[in-house]
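I opened the model to look up surface patches and aromatic contacts. My notes follow.

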Amino acid sequence: MDFHIIFLFILLLERGICFEKCKPNIAIIGGGIGGAATSHFLTELFHNNLNIDLYEAETIGGRLATVQIDNNEFEASGSIIHPENKYMQEFVKLLGLEHRPNNDERSGIWNGNEFVFEESNINIISVAKLLYKYGIQPFSLNRYINSIVNNFAKIYSLQDAGKSFENITSFLTVMNAEYPKLLQVSIKKHLLNIGYSEKIIDEIVKASLVVNYGQDTNVHSFIACVSLAGAGFDLWSVKGGNKKVPEHLIYRNKNVNIVSSRVDKIVYMSPEGFKNLYAVFHYDKDMKTVATSMYDIVIVATPLTYDHKFPIVFDGFLDNLNFYSPEKFHKTMVTFVKADLKPHYFGLLEEIDNILSCEPNKTLINSIGRLNTVEGIMKHSRIWKIFSNIPLKSEIINEMFSNINEVKEITWNAHPEYSTEVHEAKFKLHNALYYVNAIEWVASAMEMSAISGRNVAILAHEEFSQKCHRKHIKEMQTDVPKKISIEL
């Protein structure tokens, strides 16, 4: 038999054994959009040659959730998606989901005394009002935000090429060396420095931040740019609810085993060969019995903040290794009201679809918006969603609305409390321990979680595969000559 054929046969045999031995057991903690996207991208990279246990203590979908009123569902949290969000677009197409149509809505910015700006039903009149009030600055600001969005889109080609990042500084720098600096300066100071007026910052920019993140213009500039991008045109959502994306990504993945448990502790055991072994301690469904499972890779896709509902204990690591963020999450109150809006309370002659506050301490609310169901447009909807930083007393709701039929309240730890003191959040916490939610300190959004999920998936796949292949190449170099001599 030809020597080269024998050698090729041995290599193929060894490669097959290598692939089988390189099948990782992976734990993903958190079943929101970040955990769902990570499981999807890992499955692609490992070509289905992996096992995933996905832990979720509450509901698949995480902060993407809906609320039911009158047998209809309405978005409770993340409700809009930007047209340039590549991964969300791809997920919808891949999963056979649909875009939900949005109707034209009229919005106004309210300071508690008056509307500083109110849109018209006629677009050209709205443009004229913007020009009269702010000059060309709104259009200049829109171009500036679009330039950041377009520059940030470099991440997609970088990830297609297999590029990954271990921390948020390297992640941002590769797209633009100036981006990390945006995390250290407030949006008000930044925009003043590049020539924008205090009026447009305190009204339009601030209203965007108040409605999207419940915060003021003292937040870092990058999150403010993300917020302003969310005020653009052609925004959309998923028919049936945005939660359909993480649900379908997880439930349709045959490599994912859903574990309905709360993870209590992660223990680093020791390296074994080329692998790192982690023990994940979790409560069973009865929340009484503790079970333990072993993994080669552990991916945390839930916030590591001290105010989190389900904190995780890390054990077996270096004494000075602390994976928790010093910051906290921002608490947002969401109130759903089935009623008729009282226009005169706001100084209006007739109803308007969205009221955005630029002075939440005075208005008590961040925003009020008329809702459509997750299935499509409702004619003359009487369902309103109110965002606020404090619980709303019934007297306030009665002053704002008449003919009240139903009121529902939800409290969210919706996103980080942003500032200009951003810690160096890491995607890689330890040898084979990764953190998807590190991205949230840059910006909290569905697409950002999906991008981070792919980044972590690339990191985990590359590092695990390289170690595995190096080990087996070394074994082949030792064993193949002996096998060849026997065959000959």
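I looked first at the surface: I122, I124 and I125 make up a nonpolar patch there, with about 280 Å² of accessible area together. Patch members have over 30% relative accessible area and no salt bridge, with like charges joined within 9 Å and nonpolar side chains (Val, Leu, Ile, Met, Phe, Trp, Tyr) within 5 Å. A salt bridge is a side-chain nitrogen of Lys or Arg within 4 Å of a carboxyl oxygen of Asp or Glu. Areas are Shrake-Rupley values with a 1.4 Å probe, and for residues only the protein chains shown count as cover.

The model is predicted: local features need pLDDT of at least 70, side-chain atom pairs pLDDT 80 or more, while totals for chains, interfaces and linings use all residues. Residues are numbered from 1 along each chain as its sequence is written, and side-chain values use heavy atoms, without hydrogens and water.

I placed I122 in the loop between β7 (115-118) and α4 (123-134). Helices (H or I, at least four residues) and strands (E, at least two) are DSSP runs numbered from the N terminus. I122 is partly exposed, at 46% relative accessibility; buried means under 20%, exposed over 50%, partly exposed in between.

Next I checked F117 and Y134. Both are buried. I also noted the charged end of K129 over the ring of F117, 5.9 Å from its centre. The criterion is NZ of Lys or CZ of Arg within 6 Å of the ring centre and within 35 degrees of the ring normal. K265 has its charged end over the ring of F281, 5.7 Å from the centre.

Terms used: Buried means under 20% relative accessible area, exposed over 50%, partly exposed in between (1.4 Å probe, protein chains only).
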